[in-house]
Amino acid sequence: MAAGKGGAGRKSGRAGTPPKRPTSEPKAPRPSRQRPPVTRPTDALPTTPQRVPSSIRSNAAARNVLRRLVQGEAPPTQAMSIVERLAGSPYANPTIQVGGPDAGARKALDFALNLAETMFRYGAGALEVETSIIAVTAAFGLDNIEVDITNQSVIINYSAKDQTPTTVLRVVRSWTNNYAGLTAIHRLVSDIADGGVSRTEAAQRLDEITHRPKPFPRWMVTAAFGIFSAAIVAFVGGTLLGSLVGFISCILVDLVSRKLGEWRVPEFFSVATSAALVTLIAMLFWWLQVPITPALVVVGGILLLLPTGRLVSATQDAINGFPVTAAGRYLSAILVFAALVAGIAVALVAGSAIGIPELDVFESTGIQYPWPLVAVLIFVAVAMICIAEQTDVKLVVPTSLVAVAGYLLLIGAVAAGVGYRLAPALAAILIGGLSRVVSLRFGAPQLVVAVPAVLFLYPGLSIFRSMYTLTIESEFVSDGALGLFNALTVVLAIAAGVVLGDNLARPFTRKLSSDERQRNRRR
């Protein structure tokens, strides 16, 4: 019997069937017929027992629907999608290291911070800084990155899986005019995103950019300020003598501003002093019976002092979803605007106190030159602003041509009967769109081209007239306040128009973006 049982066991082992049991013992259920236990997630809803097959499919569908309603498709807070964030930027689809970050992840974070600080110092917008950080860190293999940018600080958090998170912070405390450096950084980030630059080489190139001399010497910048003022005075209807006075006054203003900067005088008082100096010089020449129109002479100096780049960057940040950064930049721009207004008011009061007779600020013959000559004046003025902003030499002529195109649209819109508020905004939209095309063609940020090209549109004459009415003609205070509000509205409309033009041109410049990437790969 024992041998039979053993034989039966061996036979059953070969045949794969259970051994026979005596009839008196109950039959055990066959293991091969049972279903394996179903593993459910811990957050799954209760289900009916497995032995009720008729309701399995319906309950599974109900659980899926209810889970979507309760839990949602994705958690409310999740890691940033790097590829999606770079969509629409010149760094879309960067070359990412497959092997992950190397042992020097902290060095990559420090490089990203240095890059962001330099871009902020050179006047870049928050969106451009953020996309540059994401593109660089992604190219270096850091795919768990969060970036937080405020008006003057950058925070980067790196939290790799199963590792201690690392957070680095950098505060930007100084600014300078260096659009050529900003263009070089843009090209560096493009090269990094294309995968052709190592971290060590990128750090060396960034150090070279920050220590590279600016393209134009200081004496040329001072001369550019004077030439710009002379061209703008002629553009708004001034005489040749008025342009000469504007040239002299703006050179003096630049020298005074430089000295105040060496003394570390706050920007508010520096701008107020410069505005007062421009206004007093114009009023003194007029008091000496020099045949000029003081209001037109002051316009050239006012446009130089307006925070054009800050307004455009703040508007761009507000539209692109950086409210904190936009609020900080708007506050800074408003303070500069208030300093400008205060300086004009102080000069007007001082001139009235020393006996300068009241001005006829509304005396203006308008533009007295044919439009081809005015277009040349705008070309020269914008070229001088490019020199003052230290723009790359290759971008001076294209930026000036973009401004001329905006001027042609401006005079066309005015001839068509468009109001004085809408016409500059339309011209700014065209300038914003063309600036994107030119910047992609030359491998530069859009802001570098748009800010100098749009400067001639700002209503400097309206600002001076409104301030004169508020300060001297007390019986027309409401008119002055309304005029100042209208001027501020036009300023904001121009800044918004530049951003709108940039966004409208994006669908039509995708080929230019790919061409820029190909040029970067061939470098």
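# A tour from R170 through the helices

Start by selecting R170, which is partly exposed because its relative accessible area is 22%, above the 20% below which a residue counts as buried. The model on screen is a predicted one. Show the side chain of E117 as well: R170 and E117 meet in a salt bridge, with 2.9 Å from N to O. This pair links distant parts of the chain, since R170 sits in strand β3 (residues 166–171) and E117 in helix α4 (residues 105–121), 53 residues apart. E117 also counts as partly exposed, because its relative accessibility is 22%.

**The whole chain**

Zoom out before going on. The protein chain has 20 helices and 3 strands. Of its 523 residues, 47% are buried. Colour the surface by element if the viewer allows: the chain exposes about 26,500 Å², and carbon and sulfur atoms supply 62% of that area. Among contacts between residues at least 6 apart in sequence, 75% join residues at least 24 apart. How many salt bridges does a search of the whole structure find? The search finds 11.

**A buried alanine in α7**

Select A202, in helix α7 (residues 199–211). Is A202 buried or exposed? A202 counts as buried, because its relative accessibility is 0%. Display what surrounds the residue: leaving aside neighbours within four places in sequence, A202 is in contact with F111, F140, L188, I192 and V197. One of these, F111, belongs to the stretch 105–121 that forms helix α4. For a distance check, pick the C-alpha atoms of A202 and V189; they are 8.7 Å apart in space, and the two residues are 13 apart in sequence.

**Along α9**

Move to helix α9 (residues 240–262) and select I248. I248 is partly exposed, because its relative accessibility is 38%. Add L241, L244, L252 and L255 to the selection: with I248 they make a nonpolar surface patch of about 390 Å².

Next, look for charged side chains. R218, D254 and R258 are linked in a network of salt bridges. Then select E262 and K259, which form a salt bridge with the closest N and O atoms 3.2 Å apart. Both residues lie in helix α9, 3 residues apart, or about one turn of the helix. K259 counts as partly exposed, because its relative accessibility is 38%.

**Two loop residues with positive phi**

Step past the end of α9 to R264, in the loop between α9 and α10. The phi angle of R264 is near 60°, a positive value in a residue other than glycine. R264 counts as exposed, because its relative accessible area is 76%. Then go to Q289, in the loop between α10 and α11 (294–305). Here phi is near 65°, again positive in a residue other than glycine. Q289 is exposed too, because its relative accessible area is 73%.

**Where α10 crosses α13**

Show helix α10 (residues 267–287) and helix α13 (residues 323–353) as cartoons, and hide the rest. Two packed helices are described by the angle and the distance between their axes. For α10 and α13, the axes come within 7 Å and cross at roughly 40°. The crossing is right-handed.

Turn on side chains to see what meets there. From α10, select E267, F268, V271, A272, A275, A276, T279, L280 and M283. Their partners in α13 are L335, V336, A338, A339, L340, G343, I344, A347, L348 and G351.

**From α13 to α12**

Keep α13 visible and select R329 together with D317. Their side chains meet in a salt bridge, 3.4 Å from N to O. R329 is in helix α13 and D317 in helix α12, 12 residues apart. Are R329 and D317 buried or exposed? Both are buried.

Finish at T308, in helix α12 (residues 308–319). T308 counts as buried, because its relative accessibility is 5%. Which residues is T308 in contact with, leaving aside its neighbours within four places in sequence? Select V451, V454, L455 and Y458 to see them.

Note on methods. Residues numbered from 1 in each chain as written. Predicted model: local features only at pLDDT ≥ 70, side-chain atom pairs only at ≥ 80, totals over all residues. Heavy atoms only, no water. Patch = residues over 30% accessible without salt bridge, like charges linked within 9 Å, V, L, I, M, F, W, Y side chains within 5 Å. Areas by Shrake-Rupley, 256 points an atom, 1.4 Å probe, with all protein chains shown as cover. Salt bridge = Lys/Arg side-chain N within 4 Å of Asp/Glu carboxyl O. Helix = DSSP H or I, 4+ residues; strand = E, 2+ residues; numbered from the N terminus. Buried < 20%, exposed > 50% of the residue type's maximum accessible area, 1.4 Å probe, protein only. Axes fitted to C-alpha atoms, helices over the stretch in contact; angles between N-to-C directions. Left-handed = near helix turned anticlockwise from the far one by under 90°. Contact = heavy atoms within 4.5 Å.
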